[in-house]
Amino acid sequence: MLVVGCGRVNFEPLETAFEVLPRVPTRIAAGGQTSCLRRPADVVCWGLGASGHLGDGNPASHTSDVPRTVMGTGPLVELDVNDGGELGRTSDGTVVGWGPNSAGSLASGNTGPQLVAVPMLGIANPVAVAVAFDAMCVVEEDGGVACAGKNLRLGDGSTLDRGSLGPVPLDSVVQLSGGDSNFCALHRDGRVSCWGDNTLGQLGDGTFASNLLPSAGPVGPYTTIAVGDAHTCGLTPDGTVDCWGDNGSGQVGDGTTTATAVPIRVPDVEDATALLLTAETSCALHRDGGVSCWGGNRNGELTIDLTTVFRARAERISLTDVVELSGRTALHACAIKRDHTIWCWGSNKFSQLGRPETGAEPTPLQVPGLLAE
């Protein structure tokens, strides 16, 4: 039964069984200053190429508005992109990654940036992957979680960096999402556990204290979760959305700019099927192919004029006929429409919209010559 009071949301245990399914991975992956597309035979990326983000083998700091084929990997069944790098699952049960490799986050046995895809060591048959700013995590076949990279984000209780995968004390996990300095895990029963930085309440545990170990967050139940820079949202079974954490740009969607350490129901969002969280913006995909967004608009993330710096209430944006959305702790986002075309908007400082470098682009732009297959 749902109990609502003073705009904050608490859940009593469900009387019927509820089970979360693994997230259906999107083909488009936008995060950091890079965008990528999974295709049947390969992966292509465009945007910032520094530190190996494009996976094209080029050691120079460069950008590309033209999609570059990632070297060292064939087709992927899942791909996550963030400032910390790119990490994907292959159909044969291995994990590959490329990019900065800060603190050895790729767990490949190598140090320094990886300019092409390299295999992650110590994992077989994972069911999900996730990337934060300087850390990467995988969900194991048995529902466990393992992470590598920068301390605070590893969930093992230590303050040490780790260049190999180590266990996080969790079980029954089916989905993961990484932010700037934290991760959140969605369990099979719809509850959430988070760890890492919590100075703005992004762990959702009712406190503002950071945690080196997973803490019990909102019980939901949620069917999927998404993490921005320092805020988190969960999608409920009935298509409504709860958010918590940083709210300085209205990204929680409650009409205020006050951070919250507990979930708040976002008004006027119904029939949602997927979530997109950029650095300071939240969006929900609706069943009819429309999209609602709220939060920051520094680079046109709300697809409106830049004179509006933020909007603390959800409103429909200009995109229609959308089937997939992606945007991860970034200042841009991308979508796939029903006709397989790809559209991106927001910051284009590094050509991450698939166009030559400009500035902010509040009008969604079609990525030329590229279709989602």
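A good place to start is a turn: in the hairpin formed by β8 and β9, where five residues sit between the strands, G93 adopts a positive phi near 90°. Keep in mind as we go that this is a predicted model.

From that turn, let us look at the two strands on either side. Strand β8 covers residues 85-89 and runs antiparallel to β9, with four bridges joining the two. Within this pairing, E86 stands opposite W98 of β9. Strand β9 also has a partner in β10 (residues 114-119), again in the antiparallel sense, this time over three bridges. Here V96 has P119 of β10 as its bridge partner.

How many of the residues of β9 are buried? Five of its five, across residues 95-99, so the strand is mostly covered by the definition of buried as under 20% relative accessible area. The cover extends to both faces: V95, G97 and G99 are buried on one side, and V96 and W98 are buried on the other.

Strand β8 leads us on to a charged pair. R89 and E78 meet through their side chains in a salt bridge, with a distance of 2.6 Å from N to O. E78 belongs to strand β7 (residues 78-82) and R89 to strand β8, so this contact ties together parts that are eleven residues apart in sequence. Both E78 and R89 are buried.

These two residues turn up again at a cavity. Searching the whole structure for cavities of 30 Å³ or more gives one, and the largest cavity has a volume of about 60 Å³. Which residues line the largest cavity? They are R23, P25, E78, R89, V127, A128, V174 and Q175. By character, this lining divides into four nonpolar residues, one polar and three charged.

Now step back along the chain to an open sheet of four strands, ordered β3-β4-β5-β6 and paired in the antiparallel sense. Its edges are β3 (28-31) and β6 (63-69), each of which pairs on one side only. On average, neighbouring strands in this sheet are turned by 10° against each other, direction ignored. Strand β5 (residues 43-48) runs antiparallel to β6, and four bridges join them. One residue pair to pick out is V44 with its bridge partner T69 in β6.

The same part of the chain holds a further salt bridge, between D56 and R68, whose closest N and O atoms are 2.9 Å apart. D56 lies in the loop between β5 and β6, while R68 lies in strand β6, so the pair ties together parts that are twelve residues apart in sequence. D56 is buried, with a relative accessible area of 16%, whereas R68 is partly exposed at 30%.

The structure holds 14 salt bridges. Another one joins R162 and D156, with the closest N and O atoms 2.4 Å apart. Of this pair, R162 is buried, at a relative accessible area of 18%, and D156 is partly exposed, at 25%.

Our last stop is another open sheet, with four antiparallel strands in the order β27-β28-β29-β30. The edge strands, pairing on one side only, are β27 (322-326) and β30 (360-371). Neighbouring strands here are turned by 25° against each other on average, direction ignored. Inside the sheet, β28 (residues 332-337) and β29 (residues 341-347) pair antiparallel over five bridges, and H332 finds its bridge partner in G346 of β29.

Conventions:
Residues are numbered from 1 along each chain as its sequence is written. This is a predicted model: local features need pLDDT of at least 70, side-chain atom pairs count only at pLDDT 80 or more; totals for chains, interfaces and linings use all residues. Side-chain values use heavy atoms; hydrogens and water are left out. Two strands pair if DSSP finds at least two bridges between them. Axes are lines fitted to C-alpha atoms, for helices over the stretch in contact, and angles run from 0 to 180 degrees between N-to-C directions. Buried means under 20% relative accessible area, exposed over 50%, partly exposed in between (1.4 Å probe, protein chains only). On a 1 Å grid over the protein atoms alone, a cavity is a set of points where a 1.4 Å probe fits but cannot get out, and a pocket is an open set with protein on both sides within 12 Å along at least five of seven lines; lining residues have an atom within 4 Å of a point. Grid points are joined across faces, edges and corners, and a volume is the space filled by probe spheres set on the points. Ala, Val, Leu, Ile, Met, Phe, Trp, Tyr, Cys and Pro count as nonpolar, Asp, Glu, Lys and Arg as charged, and the others, Gly among them, as polar. A salt bridge is a side-chain nitrogen of Lys or Arg within 4 Å of a carboxyl oxygen of Asp or Glu.
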